[in-house]
Amino acid sequence: MGDYEHLLVKQEGDTVTITMNRPARRNSLSEPHLRELLAAFTEAGESSATGIVLAGAGPVFSAGHDFADVAARDLTGVRDLLRLCTDLMGTLQSVPQVVVARVHGLATAAGCQLVASCDLAVAAESAGFALPGGKGGWFCHTPAVPVARAVGRKRLMELALTGDVIDAATALDWGLVNRVVPDEALDQAVSDLLARATRGSRASKALGKRTLYAQLDRPEQDAYALAVEVMASASQLPGAREGMAAFLEKRRPDWPD
């Protein structure tokens with residue numbers, strides 16, 4: 001893994017952990033920080049890893065956009081910054097690996113957007129989530145995009161319009177995270193969920209992830225049309241063939257990828 005100023009990146013076995021490391025700035029997302037995150041996820045996506053964990057150093061996960069960076073920009077500059085952030089969110093979902101957010105402390109605005117954009121999320125009991133623009137001067141338009149797809153319309157409206165923090169238990173109930181665990185159990189819970197989510201054929205998993213995101217926002221018949229073609233084609237992959245053979249022969253599969 002490359003060297004970064006604002007991140008700590010390490011690979012242990014099949015897992016790459018990308019830790020945002022601007023604790024003095026509450027892991028706020030300046031342009032340099034966003035560019036490093038984009039580069040790190042791109043690099044991890046091209047690696048041999050099967051899973052990626054996104055974490056934050058210090059007291060919070062991420063406070064969202066760095067207002068010092070935003071306030072210094074004109075319209076074109078802010079648009080470029082938001083497009084960079086959007087590219088990062090898309091990359092979280094386009095890399096072939098399973099991406100898990102490890103959330104502690106607060107995840108607000110674009111920090112909450114990061115959580116919603118990851119494939120899976122595990123939160124400590126102390127975690128909190130908010131789209132605070134609703135009670136400020138800069139509404140959380142872009143963070144609301146993936147959050148809406150995670151929690152639904154009415155819950156999105158409450159988050160976005162009030163700007164209030166919801167606790168981890170509420171985030172679990174609303175579908176923003178997959179698990180809530182005691183703070184001291186957070187790392188183990190992340191590892192356990194990632195291990196279960198990365199079983200099986202890597203090629204099959206990567207294709208499955210890509211197709212799930214592609215069909216989510218399509219009308220049902222369009223989603224079925226896409227899924228039928230992809231699933232039919234995927235039946236011919238080596239991993240699919242081995243999985244079916246192992247089932248029929250009542251043995252453990254020997255995954256080719």
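**Exercises on a predicted model**

**Exercise 1.** Is L156 buried or exposed?

*Solution.* Start with the number: L156 has a relative accessible area of 13%. Buried means under 20%, so L156 counts as buried. Bear in mind that we're working with a predicted model here. Next, find its place: L156 is part of helix 6, residues 153–162. Finally, look at what it touches: leaving out residues up to four places away in sequence, L156 is in contact with L131, A144, V147, A148 and V151.

**Exercise 2.** What is the end-to-end distance of helix 3, and what span should its 20 residues give?

*Solution.* Helix 3 runs over residues 75–94. The expected span is 1.5 Å times one less than the number of residues, so helix 3 should span 28 Å. Now check the model: the end C-alpha atoms are 28 Å apart, which agrees.

**Exercise 3.** Where do the buried residues of helix 3 sit around its axis?

*Solution.* First, list them: G77, V78, L81, L84, C85, L88, M89, T91 and L92. Look down the axis and they fall within an arc of 160°, so they line one face of the helix. A bit of background helps: an α-helix has 3.6 residues a turn, so residues three or four places apart point the same way. Then turn to the other side of helix 3, where L75, R83 and S94 are exposed. As for what covers the buried residues, the cover includes helix 1, helix 2, strand 4, helix 4 and helix 9.

**Exercise 4.** Which residue caps the N-terminal end of helix 3?

*Solution.* Look for a side-chain oxygen 3.3 Å from the backbone nitrogen of T76: it belongs to D74, the cap.

Terms used. Residues numbered from 1 in each chain as written. Predicted model: local features only at pLDDT ≥ 70, side-chain atom pairs only at ≥ 80, totals over all residues. Heavy atoms only, no water. Helix = DSSP H or I, 4+ residues; strand = E, 2+ residues; numbered from the N terminus. Buried < 20%, exposed > 50% of the residue type's maximum accessible area, 1.4 Å probe, protein only. Contact = heavy atoms within 4.5 Å. Arc of directions from axis to C-beta. Polar contact = N/O pair within 3.5 Å; in protein donor to acceptor, adjacent residues only side chain to side chain.
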